[in-house]
Amino acid sequence: KMTQQMRDLQLAQARKPPGPSSPNAAKRLYRNLSGKFRVNYTSFDEGSLAGRGEKEKLRKSYLFQSNAALFEAVELQDLDRVQELLKQYSPEELDLNTPNSEGLLPLDIAIMTNNAPIARALLQAGAKESPHFVSLESRSLHLSTLVREAEQRVNELTAQVVNEAPNADCSEKEKQLKAWEWRYRLYKRMKAGFEHARVPDAPTNVHLSVVSSSSVQVTFWEPLSVNSAVVTKYKVEWSCSPTFSPPLGEAVIDKLKNLHFTIRGLVSGTAYYVQVSAYNMKGWGPPQASVPPFAIPSNWREYDGRAPRRRGQAEALDHLLGQVKTVHQHCVCHEPCKNQPQSRKHSVSKSLKHLFHPGSKFLKTLKRGLYLTAIFYKDDNILVTHEDQIPVVEIDDTYSCLLMQDFLWFTKVSCMWDEILWLRQCVTVSQSSCSCILQTRFKMLLAISQMQGLLGIQDLGQVFFEPVKDKQGNILIVTLKEVKTNQTFESVRWVPICKLQTSRKSVSSPEEPTALDTLLISVQDKLAYHQRSSHALSPGLYLGYLKLCSAVDQIRVLVPERLPNILCHVKIRSNPNISREEWEWLQKMASVEEPVPAEPEAETTQNHLLQELQVAIKELMTLVNIPLQEAKDFRLYSQEVLDFGGQVSFLLLLPPSDDVCTAPGQNNPYTPRSGFLTLPLQIFELGEE
């Protein structure tokens with residue numbers, strides 16, 4: 001009776017006829033799904049309406065066969081074929097959660113035959129159990145009915161084959177008999193799997209962490225037992241009472257790609273207890289309490305009520321800049337710019353089609369002086385002038401020694417590419433009486449305007465962290481910008497970098513290359529630096545190593561080559577939040593004079609943080625080539641947690657106070673191996689933004 005109800009339900013849902021019912025039929029179906037069949041499918045004339053109609057019919061037939069193929073692959077326990085179909089088609093195309101004529105879903109068959117690998121693959125793809133099995137009794141009754149009807153059909157066909165004389169009809173009956181015998185064995189195996197299954201054990205490694213002032217996150221693993229049926233969902237429960245009476249809430253997790261859940265909307269400063277239980281076709285298993293047993297939503301700032309360091313800073317700077325602009329708006333320094341020759345205005349507004357007119361001011365060769373070059377690249381191509389040169393303009397032909405302060409000033413200007421005209425207006429006061437520094441910086445602004453006008457682009461990109469110099473007295477300030485869109489340029493062409501490097505004729509000797517030759521030789525390294533410096537860290541809490549070295553005119557910071565915009569670091573955990581309790585414990589550690597403080601009690605958030613820090617410190621010391629015994633005097637920076645956008649946070653590990661910054665000529669006892677570089681501190685700060 002129940003089987004008949006299932007079939008009636010399928011007819012009401014306009015369900016398609018069932019797929020093949022034997023291993024041989026499955027093999028024939030797999031052959032039909034070969035590449036040859038797909039080629040025939042895509043060979044219709046797209047311009048023909050009738051062709052499109054036939055194509056749609058064939059597509060639906062093809063998808064139906066893929067659905068039938070999935071059922072057959074699950075029944076045959078063909079994991080490779082199941083994975084292939086799940087990869088090739090979407091769940092909707094496979095009708096992954098639509099029952100067949102027996103009222104079964106692919107996941108039902110997988111879990112009742114106890115095929116865990118196939119069941120997990122189906123669950124990862126979003127498969128569900130049949131909604132018709134509302135209780136253990138209904139599932140048991142349905143399986144018994146399938147077994148009984150299959151057995152009855154086998155008996156009927158056996159009698160017909162035995163009693164009939166050999167003929168064509170008899171041969172067909174024998175095929176049907178073999179198919180039903182195979183299906184009878186399948187249903188018996190499913191029934192036995194259901195009867196021998198038991199509820200799942202509790203999940204393992206249930207860990208609770210604080211992720212904000214109003215939320216906690218629980219992570220867990222599957223139960224260890226392999227004897228029970230496959231787990232198909234989990235339940236997370238939370239309460240303010242360790243007995244979970246009364247419960248505050250629960251959530252069922254049936255998407256099993258990531259076994260974690262974030263409980264939001266909690267009250268800061270309140271303790272919450274969490275437990276997790278698993279479910280299979282026999283029901284819910286026992287709950288497992290989390291470790292630690294409770295968590296208190298909080299943030300480290302609540303320890304002393306500290307406000308975010310950068311709160312309102314960007315707005316305040318914008319307001320200050322607006323005030324400065326207002327003061328200068330009617331200044332006489334604007335008059336020279338208002339009375340600029342018409343030719344200059346025209347050059348600034350040139351379109352790209354005039355870029356490489358003979359009047360262009362891009363330079364072909366360098367004299368002794370200071371220059372600006374802009375590198376625009378896309379994939380493996382670079383933008384060059386009509387003469388196959390990287391765009392270069394002159395800053396000052398009498399300037400042969402670039403002061404570091406001038407270079408660092410230029411890097412700050414790169415944050416205001418669209419304000420260059422206004423900056424020029426502010427620097428034009430009494431040029432004849434200006435200092436050499438002011439004159440040099442005004443010439444820098446003129447060169448930037450010239451490069452922007454010739455290229456027709458305001459944003460020249462990021463400044464490379466050091467100029468390119470040669471022995472002839474040439475100095476190149478380099479900017480780099482990646483073009484990610486399909487932007488086209490008139491009178492400009494993209495050239496493969498390798499072709500440009502091989503076709504350029506050098507005018508210098510290998511022993512003393514010019515700055516342009518040096519730039520071209522090292523352009524790949526500079527592009528790699530530019531790309532790496534824009535990479536972002538994945539969310540989490542990190543341990544950073546702060547190491548500085550000073551020179552006469554600058555301070556430099558140690559960074560890894562693979563991520564030059566970040567301090568040397570290792571990841572502590574995926575949760576970036578430091579709770580109030582964890583921060584309070586870190587403050588106590590910082591105030592203890594003894595190098596090894598007592599460990600906190602087990603099963604607390606503080607103990608977990610201690611264990612995570614111990615692992616991270618060992619990993620970081622190995623990374624920067626410092627023996628662990630030499631790091632016994634290192635300190636954790638306990639003034640604040642460095643927060644970057646709420647998704648990434650840093651704790652800093654500092655060398656002894658006398659060794660944080662190495663002075664010129666001083667032996668550096670903490671020098672890492674290759675794979676690191678030192679950046680000027682101001683350049684690092686710009687890249688960090």
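## Val557 and its surroundings

Set aside the neighbours within four places in sequence, and Val557 is in contact (heavy atoms within 4.5 Å) with Leu546, Lys547, Leu548, Leu567, Leu677, Thr678, Leu679, Leu681 and Phe684. Val557 sits in strand E18, residues 555-560; strands here (E, at least two residues) and helices (H or I, at least four) are DSSP runs numbered from the N terminus. Val557 has a relative accessible area of 1%, so it counts as buried. For that label the cut-offs are under 20% relative accessible area for buried, over 50% for exposed and partly exposed in between, with a 1.4 Å probe and protein chains only. One of the contacts, Leu546, is 11 residues from Val557 in sequence and 7.5 Å from it, C-alpha to C-alpha.

A quick word on what you're looking at: this is a predicted model, where local features need pLDDT of at least 70 and side-chain atom pairs count only at pLDDT 80 or more, while totals for chains, interfaces and linings use all residues. Residues are numbered from 1 along each chain as its sequence is written, and side-chain values use heavy atoms, with hydrogens and water left out.

## The chain as a whole

There are 22 helices and 24 strands in the chain. Of its 689 residues, 45% are buried. Among contacts with a separation of 6 or more, 73% are between residues 24 or more positions apart.

As for the outside, the accessible surface is about 35900 Å², and carbon and sulfur atoms own 53% of that. These areas come from the Shrake-Rupley method with a 1.4 Å probe, and for residues only the protein chains shown count as cover.

## Two nonpolar cores

The largest nonpolar core has 67 residues, and Leu372, Ile375, Leu476 and Ile477 have the most contacts inside it. A nonpolar core here is a set of buried Ala, Val, Leu, Ile, Met, Phe, Trp, Tyr and Cys residues joined through side-chain atoms within 4.5 Å. Helix H16 (residues 436-455) is the top contributor to this core, giving eight residues. Domain 3 (369-534) and domain 4 (540-591 + 606-685) both supply residues, so the core lies between them; the domain bounds come from an automatic or database domain assignment.

Apart from that one lies another core, of 63 residues, including Ala69, Ile109, Leu122 and Leu266. In soluble globular proteins, nonpolar side chains tend to be buried together.

## Strand E22: Ser649 and Phe650

Phe650 is part of strand E22, residues 648-654, and Ser649 is in E22 too. Phe650 is buried at 4% relative accessible area, and Ser649 is buried at 3%. Leaving out neighbours within four places in sequence, Phe650 is in contact with residues including Leu537, Leu543, Ile566, His569 and Phe644. Ser649, with the neighbours within four places left out, has contacts that include Gly540, Pro576 and Asp643.

Leu541, Tyr542, Val641 and Leu642 appear among the contacts of Phe650 and also among those of Ser649. Ser649 and Leu541 are 108 residues apart along the chain, yet their C-alpha atoms are separated by 5.0 Å. Phe650 and Tyr637 are 13 residues apart along the chain, with 10.0 Å between their C-alpha atoms.

## Helix H15 and a cavity

Helix H15 (residues 420-427) is mostly covered, with six of its eight residues buried. Those buried residues are Ile420, Trp422, Leu423, Arg424, Gln425 and Val427.

Searching the whole structure turns up one cavity of 30 Å³ or more. The largest cavity holds about 60 Å³ of space, and its lining is Asp388, Gln389, Ile390, Leu500, Arg504, Leu516 and Leu520. A cavity is a set of points on a 1 Å grid over the protein atoms alone where a 1.4 Å probe fits but cannot get out, and lining residues have an atom within 4 Å of a point. Grid points are joined across faces, edges and corners, and the volume is the space filled by probe spheres set on the points.

## Backbone oddities

Most residues other than glycine have a negative phi, and most peptide bonds are trans. The Ser245 to Pro246 bond is cis, with omega near 5 degrees, and Pro246 is in the loop between strands E3 (233-239) and E4 (249-253). The Val291 to Pro292 bond is also cis, with omega near -5 degrees, but Pro292 is in strand E8, residues 288-295.

Gln77 has a positive phi, near 60 degrees. Gln77 is in the loop between helices H4 (49-75) and H5 (79-88), and is partly exposed at 38% relative accessible area. Asp379 has a positive phi near 55 degrees, sits in the loop between strands E9 (370-378) and E10 (381-384), and counts as exposed at 60% relative accessibility.

Notes:
On a 1 Å grid over the protein atoms alone, a cavity is a set of points where a 1.4 Å probe fits but cannot get out, and a pocket is an open set with protein on both sides within 12 Å along at least five of seven lines; lining residues have an atom within 4 Å of a point.
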